[in-house]
Amino acid sequence: VRRSFGTDASEIAEWALGFEDPRACYESGPTGFHMARELRALGLDCAVAAVSKMQRPAADARRKNDRRDAEFIARMLATHNIVEVPLPDMAVEAARDLDRALDDATRELHRSRQRLNMFLIRLGHVWDERNADGARKKAWTRAHWRWVSEIRLEGPQRDALEYYVTAARCAESDRRQLERRVVALAGTDRWRATVEALSCIKGVDTLTAFRLAAEAGSFSRFRSAPAFASWCGLTPSEHSSGESERRGGITKAGNALARTALIESAWHYSTCSPRPKAPAPGTDVPPAIRSRADDCTARLHRRREALAAAGKSACKANAAVARELACWVWEIGCRSEGTASSSRRQPTPAGRARASTHRRREFTTFLMGSPGAAPDKRLDSYDSAGRRIEMRWGARTYRADRRKRTRKSPRILACQASVD
């Protein structure tokens, strides 16, 4: 059954509720979450599907239209292959919008300053004043703006200079106002505890802490610290097969704002001391959380020094520190929300050793065959430890050697065997 709709949620719900146990779904993207909220309020269960988690057929890469997209999402929903995006509440979404507006204002400020600076350089006006020590003075200070105001141009160039100066000044004012509003929102009851707890970490100020808290919504929705780091896109990429292991740079597949905030905060540990961060006046952070924040500072400082001593480049070392900082942020965020990671069941050292051994003794391979075929074919393979693994599969099976593979069945089945 096919039918086209506009953006009226009531029309969609009225048509869909005529079916038995209906459920709606649409792709995540610029449409946001308002449609899902409206449909749920009308009694129609609606999910927002994560586009990055959808496994599209390669044959559909060059054939895309609304009808094909709708049919594909319907098939994925029917087979329970949809990864749903958590639906944030209105307070979290409003906080994200304000913080992202601040990020847009910061980018616009940088652009306007760059335009003004390049315009002056083209005309031969270069800021090169120095202090008593001979170091060049910083730009965009009162002295720098005083120097800009003393530049005299004539004709159309004067009009251009006035435009660039006005744009830069307005961008500064807009960003300053948004920054004050973000700080005020961070001090409300909804965000104060988390922001103050995260601010105990060196390199994390109020704006950064609020950004991490708003983008995460709730740190407890992530099952572990590595899951939060993966959501930020800070885990190493990998292209491994068999005994060959190849890892590359970070995936960058996640929340760009949270990742940028963590990367910028991690640069602090290249020059800071391992001493604990002084508490901000007026904050009331529990001693247990402050102690963990102090452990985080000392740990990341040692980590950065060890990476530098190993000869790692500054960018690689900073990315590694940012990934570990994300794990610390998750733990401290969970503690501030009352869902401390220590309250969750953690594996013992013996349990971790058993799990590691179990992973080493597992071998996973993908075979092609008929799902109902009789187990009359025997395949032998080996795990990473060199132990032989016996596997039986259907009569119609692809050979394990990809170079000699011949197609006999369109179904892909996964077979996993382990050694006792």
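1. In this predicted model, Ser112 touches Ala167, Ala168 and Ala171 once residues up to four places away in sequence are set aside. Ser112 lies in helix H4, which spans residues 90-122, and its relative accessible area of 3% means that the residue counts as buried.

2. Seen from the other partner, Ala171 has its place in helix H6, residues 156-186, and it counts as buried because its relative accessibility is 7%. Apart from residues up to four places away in sequence, Ala171 touches Glu108, Leu109 and Ser112. The C-alpha atoms of Ala171 and Ser112 are 7.3 Å apart in space, although 59 residues separate the two in sequence.

3. For the chain as a whole, the model has 13 helices and eight strands, and 35% of the 420 residues count as buried. Of the contacts between residues at least 6 apart in sequence, 60% join residues that are at least 24 apart, and the pair Ala171 and Ser112, at 59 residues apart, can be read with that figure in mind. The chain exposes about 26300 Å², of which carbon and sulfur atoms supply 50%.

4. Which residues of helix H1 are buried? In H1, residues 9-16, they are Ala9, Ile12, Ala13 and Ala16. These residues lie on the same side of H1, because the arc they cover around the axis is only 95 degrees. The general geometry of an α-helix is relevant to this pattern: with 3.6 residues a turn, residues three or four places apart point the same way. Helix H2, residues 34-41, is included in what covers the buried residues of H1.

5. Helix H2 also belongs to a right-handed β-α-β unit, which it makes together with strands S1 and S2. The two strands run parallel, and five bridges join S1, residues 23-27, to S2. Among the bridge partners, Tyr26 is matched with Val48 in S2, while Glu27 has Ala49 as its partner in that strand. Strand S2, residues 45-49, is largely enclosed by the rest of the structure, because four of its five residues are buried.

6. What surrounds Ala49, leaving out residues up to four places away in sequence? Ala49 touches Cys25, Tyr26, Glu27, Ser28, Met54, Ile82, Val83 and Val85. Ala49 lies in strand S2, and with a relative accessibility of 0% it counts as buried, since the cut-off for that class is under 20%. Of the residues it touches, Glu27 is its bridge partner, whereas Cys25 is 24 residues away in sequence, with a C-alpha to C-alpha separation of 6.7 Å.

7. How many disulfides does the structure hold? The number is zero. Cys25 is in no disulfide, and the nearest cysteine sulfur, which belongs to Cys46, is 6.7 Å away; a disulfide would require the two sulfur atoms to be within 2.5 Å. Cys25 counts as buried at 18% relative accessibility, because the class is set at under 20%.

8. Cys327 calls for a similar reading. The closest cysteine sulfur to that of Cys327 is in Cys232, and because the separation is 9.2 Å, the two are too far apart for a bond. Cys327 counts as buried, its relative accessibility being 14%.

9. A further buried position is Thr297, found in helix H11, residues 287-309. Thr297 counts as buried because its relative accessibility is 0%. Leaving aside neighbours within four places in sequence, Thr297 is in contact with Ile201, Lys202, Tyr269, Ser273, Pro274 and Arg275.

Note on methods:
Residues numbered from 1 in each chain as written. Predicted model: local features only at pLDDT ≥ 70, side-chain atom pairs only at ≥ 80, totals over all residues. Heavy atoms only, no water. Buried < 20%, exposed > 50% of the residue type's maximum accessible area, 1.4 Å probe, protein only. Arc of directions from axis to C-beta. Contact = heavy atoms within 4.5 Å. Pairing = 2+ DSSP bridges. Right-handed = clockwise from strand over helix to strand, strands pointing away. Areas by Shrake-Rupley, 256 points an atom, 1.4 Å probe, with all protein chains shown as cover.
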